[in-house]
Amino acid sequence: MRIYLRLVLLFLVLVLNSCEDVIDVSLQDGPSRLVVEASINWNKEASNNEQEIRLSTSRGFFQSESNPAVTGALVSLTNNRSSSPIIFEDQGDGRYSTDEFIPIPGGIYVLRIEYNNEIYIAEETLTTVSEINEVFQETRGDDEDDEIEIRVKFDDPENMTNNYLFKFKKETALLPSFVSRNDDFVDGNEISFPLIDRGNDDINEFMPGDVVEIEMFGISTNYYDYITILIDQIGGVGLFETTPTAVRGNCVNITNPENYAHGYFRLAQVNRISYTVQ
């Protein structure tokens, strides 16, 4: 019996010790891909001739350094109402810039990038946006747990599809928040839209004196579908959430379709306003 007990104890010691062993798992990184940051924003109150596009290559998920900048690429932009391409000059640090952009509402633009002997093409429409009628605040909750809610009021054009992206940031916040909206059920009506970040409770806690910078973009349906998926994923991964996955943008590699790019080419009109919480 004593021998049996000793054998059992020895077995338990071995099992418990084995639980402390470190297991090295070799993780494979995906292929390095071109990353396109091409957001052309048209503010009606500015000339908007100066625009910038950033190019880099993707890195491994567990690598802490920034994405390597891409230099030496050829970047141009054309629209369906002009035969002359707009050339983005290489700044030598991943930035490509121009001072010749001319916004054409409803114009169809094609971005062309030539990099590593491959050609990437992306097409997008310059989408207009409604004027902001008013930014105001409401207090919700009971007396012990009042919460300030900021709303943006605007008129949605009727008999047409409209999609909106809101970007807002408190001065004290490290990063901005984003929320998207379409007019599927409110076409042609005045909309009062709340600025609520589902993935960040702190940004929703507005206090008197907070200065909030608000941007309202008019975006295409394709970009609305793309950014809505991204916003849902950025909102966090909980117990019952789906695992974040790579979302394919609109930059197509016509030379080698399998070597697609990350990122999105977007054109949008934007309204900007600053609001101080009362």
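This is a short viewer tour of selected residues in the structure above.

**Before you click**

The model is predicted, so to speak of local features a pLDDT of at least 70 is needed, side-chain atom pairs count only at pLDDT 80 or more, and totals for chains, interfaces and linings use all residues. Residues are numbered from 1 along each chain as its sequence is written, and side-chain values use heavy atoms, with hydrogens and water left out.

**Stop 1: an aromatic cluster**

Select F154, Y164, F166 and F193, which form one aromatic cluster. Rings of Phe, Tyr and Trp (its six-membered ring) pair if their centres lie within 6.5 Å; planes under 30 degrees apart count as stacked, over 60 as edge-to-face and the rest as tilted. By this rule there are seven aromatic pairs. Now zoom in on F166 and F193: their ring centres are 4.7 Å apart and their planes meet at 15 degrees, so this pair is stacked. It links distant parts of the chain, with F166 in strand β10 (residues 163-170) and F193 in strand β12 (residues 190-194), 27 residues apart. Strands (E, at least two residues) are DSSP runs, numbered from the N terminus. Both F166 and F193 are buried. Buried means under 20% relative accessible area, exposed over 50%, and partly exposed in between (1.4 Å probe, protein chains only). The areas come from the Shrake-Rupley method.

**Stop 2: salt bridges around R151**

Side chains of opposite charge can pair when their charged atoms come close. A salt bridge here is a side-chain nitrogen of Lys or Arg within 4 Å of a carboxyl oxygen of Asp or Glu, and a search of the whole structure finds nine. Select R151 and E138, whose side chains meet in one of them at 3.6 Å, N to O. R151 lies in strand β9 (residues 147-155) and E138 in strand β8 (residues 132-140), so the pair ties together parts 13 residues apart in sequence. R151 counts as buried at 14% relative accessibility, whereas E138 is partly exposed at 28%. Add E149 to the selection: its side chain also forms a salt bridge with R151, at 2.9 Å, N to O. E149 is buried, as is R151.

**Stop 3: R272 and E215**

Next, show the side chains of R272 and E215, which meet in a salt bridge of 2.4 Å, N to O. This pair links distant parts of the chain: R272 is in strand β15 (residues 262-276) and E215 in strand β13 (residues 211-219), 57 residues apart. R272 is partly exposed at 43% relative accessibility, while E215 is buried at 15%. Then select E52, R54, D93 and R95, joined into one network by salt bridges that share partners.

**Stop 4: two asparagines in a loop**

Go to N116, in the loop between β6 (108-115) and β7 (118-125). Its phi is near 50 degrees, a positive value in a residue other than glycine. N117 is in the loop between β6 and β7, and its phi, near 65 degrees, is also positive. N116 is exposed, with a relative accessible area of 58%, and N117 is exposed with 73%.

**Stop 5: S76 and E114**

Select S76 in strand β3 (residues 74-79), a buried residue at 14% relative accessibility. Draw a C-alpha to C-alpha distance to E114: the two are 38 residues apart in sequence and 9.0 Å apart in space.

Terms used
Helices (H or I, at least four residues) and strands (E, at least two) are DSSP runs, numbered from the N terminus.
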